[in-house]
Each structure stands twice: as structure tokens, then as C-alpha cells.
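Work through the exercises below with the sequence and the model open. Each task is followed by a solution in steps.

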Amino acid sequence: MNITLMEKGEVLATIVEKQVTCDDNKVRECLEALITNHELNNFPPHIDKDKMLKDAIKGFAFASGYELK
């Protein structure tokens with residue numbers, strides 16, 4: 001999974017596999033919490049865990065006014 005969060009055309013954070021790179025501590029901690037929560041939870045077998053994580057990150061980005069790439 002490779003995701004880039006953008007703010008006003010500038011790269012805010014990148015997620016490669018499940019490693020977050022971000023200079024903004026608050027954003028980095030939120031993204032790391034989403035990833036950790038995803039890893040610790042058990043989901044039914046019919047749920048695609050990776051898609052669910054991507055959707056959670058998309059929701060965070062949308063609620064925070066960030067763009068995804």
C-alpha cells in the first residue's frame with residue numbers, strides 16, 4: 001500500500017506498506033493509530049482488511065481536508 005496525503009499541493013505524509021513518514025507529529029500519530037488499530041483487530045474473513053484500512057485513511061484525509069494520491 002502506497003498512499004500520499006497532500007495539503008495545498010504539498011506532500012504532507014506518505015505511507016509505504018505500513019510505514020508512515022510525516023513531519024507533522026499530530027498527523028503522523030493519527031495515521032499510525034489507524035494502522036495499529038487495523039493490525040490489532042480481528043475482522044471476519046469476508047472483509048478485505050487492506051481495503052478497510054485504505055478506506056479509514058481516506059476518511060481521515062477527507063475529514064481533515066487533505067487530498068490523497
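**Exercise 1.** Locate His 38 and state which residues it is in contact with.

Solution. His 38 lies in helix 1, residues 25-40; helices are DSSP runs of H or I with at least four residues, strands are runs of E with at least two, and both are numbered from the N terminus. The model is predicted: local features need pLDDT of at least 70, side-chain atom pairs count only at pLDDT 80 or more, and totals for chains, interfaces and linings use all residues. Residues are numbered from 1 along each chain as its sequence is written, and side-chain values use heavy atoms, with hydrogens and water left out. At a relative accessible area of 5%, His 38 is buried (buried is under 20%, exposed over 50%, partly exposed in between; 1.4 Å probe, protein chains only). Beyond its neighbours within four places in sequence, His 38 is in contact (heavy atoms within 4.5 Å) with Lys 18, Phe 43, Lys 49, Asp 50 and Leu 53.

**Exercise 2.** Explain why Cys 22 forms no bond with the closest cysteine sulfur.

Solution. A disulfide is a pair of cysteine sulfur atoms within 2.5 Å. The closest cysteine sulfur to that of Cys 22 belongs to Cys 30 and is 9.7 Å away, so it is too far for a bond. The structure holds 0 disulfides. Cys 22 is buried, at 8% relative accessible area, while Cys 30 is partly exposed, at 33%.

**Exercise 3.** Give the strand order of the sheet and name its edge strands.

Solution. The open sheet has 4 strands in the order 3-2-1-4, with antiparallel pairing; two strands pair if DSSP finds at least two bridges between them. Strand 3 (19-22) and strand 4 (67-68) are the edges, each pairing on one side only. Strand 2 (residues 10-16) is joined to strand 3 by 4 bridges.
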